[in-house]
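Reader: I'd like a close look at one part of this model, with its surroundings. Start from the charged contacts and work outwards. Keep it brisk.

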Amino acid sequence: MTEPTQSCGLIAVLGAPNAGKSTLVNALVGQKVAIVSPKAQTTRVRLMGVAIEGDAQLLLVDTPGIFEPKRRLDRAMVQAAWGGAEGADILALVVDAKGGLGKKVIDIAESIAGRPEPKYLILNKVDLADKAKLLVHTEKLNAAVAFAETFFVSATTGDGLADLKAHLAKAMPDGPWHYPEDQVSDATERSLASEVTREQLYLQLHAELPYASAIETEQYKEREDGSVEIHQQILVERPTQRAIVLGKGGVRIKEIGARARAELSNIMGRPVHLYLHVKVKPGWDEDRDSYREMGLDWVD
């Protein structure tokens with residue numbers, strides 16, 4: 001009897017904003033490792049989810065959506081997305097099958113066409129898509145890029161995910177696992193806490209607060225009873241935005257804190273004491289320290 005051969009590889013999950021990349025990574029991992037919201041460009045930094053299929057460990061790099069950058073923050077996010085593809089064993093292009101093929105999708109496809117890594121095309125949200133258009137999208141993208149495989153999935157319903165995961169596992173190079181079996185992400189609890197709070201901002205405030213906000217951790221400490229105490233500042237650019245986050249009588253920020261606290265307690269498996277404050281900081285997205293806190297590189 002020979003011992004099973006382990007395999008492990010890096011899969012860069014690329015695509016335009018709102019293609020469902022984070023939802024797909026969460027589904028393949030089997031639990032939430034990346035925040036999601038209906039808002040485009042929710043993902044700001046590179047994050048890796050760790051999934052296991054048989055003897056294979058899949059290192060799924062969830063990247064920010066790739067789009068035409070207009071601000072420094074945009075440029076830093078796009079740079080992080082392409083940086084997530086460095087050293088990848090597979091490039092997985094995720095396309096919103098419901099949304100169709102816009103210029104953003106075609107530009108990304110053309111950008112990876114000449115790269116040497118094997119490329120997989122993943123048409124996501126097929127449960128919502130016009131079935132007649134799926135074939136058209138597939139033919140057009142495969143004409144632009146020599147995809148090794150094409151998959152039709154729904155990260156939300158789970159359709160097609162088992163087949164996708166099995167194919168990814170078979171494509172992983174032989175080698176030892178990089179992470180323990182029970183580790184699902186490379187994110188620290190501190191960074192996860194910031195992301196969960198930011199997710200609640202997006203989910204609860206919707207279009208009221210555009211991308212003019214960030215989370216800054218002032219304090220993160222373990223208490224003697226095993227619980228965690230976290231103090232965070234929500235940075236906004238204008239006093240009117242501060243009023244939106246606070247809500248009438250502080251109702252909105254209490255609800256943001258309550259939901260973020262509950263989710264963090266569930267994820268961490270222990271009590272979390274979360275304290276939120278809102279700070280007006282004009283031009284925070286031009287401050288090097290803010291980028292360091294978010295985990296993004298400063299770009300000129």
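Author: The structure holds 11 salt bridges. The model is a predicted one. Take one of these pairs as the way in. The side chains of E199 and K32 form a salt bridge, at 2.6 Å from N to O. E199 belongs to helix 6, while K32 sits in the loop between helix 1 (21-29) and strand 2, so the pair ties together parts that are 167 residues apart in sequence.

Now follow helix 6. Helix 6 (residues 189-205) packs with helix 8 (residues 251-268). The angle is about 140°, and the axes are 9 Å apart. That makes helix 6 oblique to helix 8. The cut-off matters here, because roughly antiparallel requires an angle over 145 degrees. The crossing of the two, helix 6 and helix 8, is right-handed.

Next, the contact itself. From helix 6 come E189, L192, A193, V196, T197, E199, Q200, L201, Q204 and L205. Helix 8 answers with R252, E255, I256, R259, A260, E263, L264, I267 and M268. By class, the residues of this contact of helix 6 with helix 8 are 10 nonpolar, 3 polar and 6 charged. E199 is on that list, and E199 is also the partner of K32 in the salt bridge.

Helix 8 has another helix against it. Helix 7 (residues 239-246) packs with helix 8 at an angle of about 60°, and their axes are 5 Å apart. Helix 7 and helix 8 are therefore oblique to each other. I244, V245 and L246 of helix 7 make the contact with V251, R252, I253 and I256 of helix 8. The contact of helix 7 with helix 8 counts 6 nonpolar residues, no polar ones and 1 charged. R252 and I256 meet helix 7. R252 and I256 also meet helix 6.

Then the sheet beside these helices. 3 strands form an open sheet, in the order 7-8-9, with mixed pairing. Strand 7 (213-222) and strand 9 (272-280) are the edge strands, each pairing on one side only. From one strand to the next, the twist averages 20°. Strand 8 (residues 228-236) and strand 9 run parallel, joined by 9 bridges. In one of the pairings, Q232 has L276 in strand 9 as its bridge partner. Helix 6 packs on this sheet and touches strand 7, strand 8 and strand 9. The direction of helix 6 makes about 140° with that of strand 7. Helix 8 lies across strand 7, strand 8 and strand 9 as well, running at about 140° to strand 9.

Back to the K32 end. The loop that holds K32 leads to strand 2. Strand 2 belongs to another open sheet, of 6 strands in the order 2-3-1-4-5-6, and its pairing is mixed. The edge strands there are strand 2 (47-53) and strand 6 (149-152), each paired on one side only. The twist averages 25° from one strand to the next. Inside that order, strand 1 (residues 7-15) and strand 4 (residues 90-96) run parallel and are joined by 5 bridges. G15 stands opposite V94 in strand 4. Helix 3 (residues 103-112) packs on the sheet, touching strand 1, strand 4 and strand 5 (119-124). The direction of helix 3 makes about 170° with that of strand 4. Helix 5 (residues 161-171) lies across strand 1, strand 2, strand 3 (56-62), strand 4, strand 5 and strand 6, running at about 90° to strand 2.

Note on methods. Residues numbered from 1 in each chain as written. Predicted model: local features only at pLDDT ≥ 70, side-chain atom pairs only at ≥ 80, totals over all residues. Heavy atoms only, no water. Pairing = 2+ DSSP bridges. Helix = DSSP H or I, 4+ residues; strand = E, 2+ residues; numbered from the N terminus. Axes fitted to C-alpha atoms, helices over the stretch in contact; angles between N-to-C directions. Contact = heavy atoms within 4.5 Å. Parallel < 35°, antiparallel > 145°, perpendicular 65-115°, else oblique. Left-handed = near helix turned anticlockwise from the far one by under 90°. Nonpolar A, V, L, I, M, F, W, Y, C, P; charged D, E, K, R; others polar. Salt bridge = Lys/Arg side-chain N within 4 Å of Asp/Glu carboxyl O.
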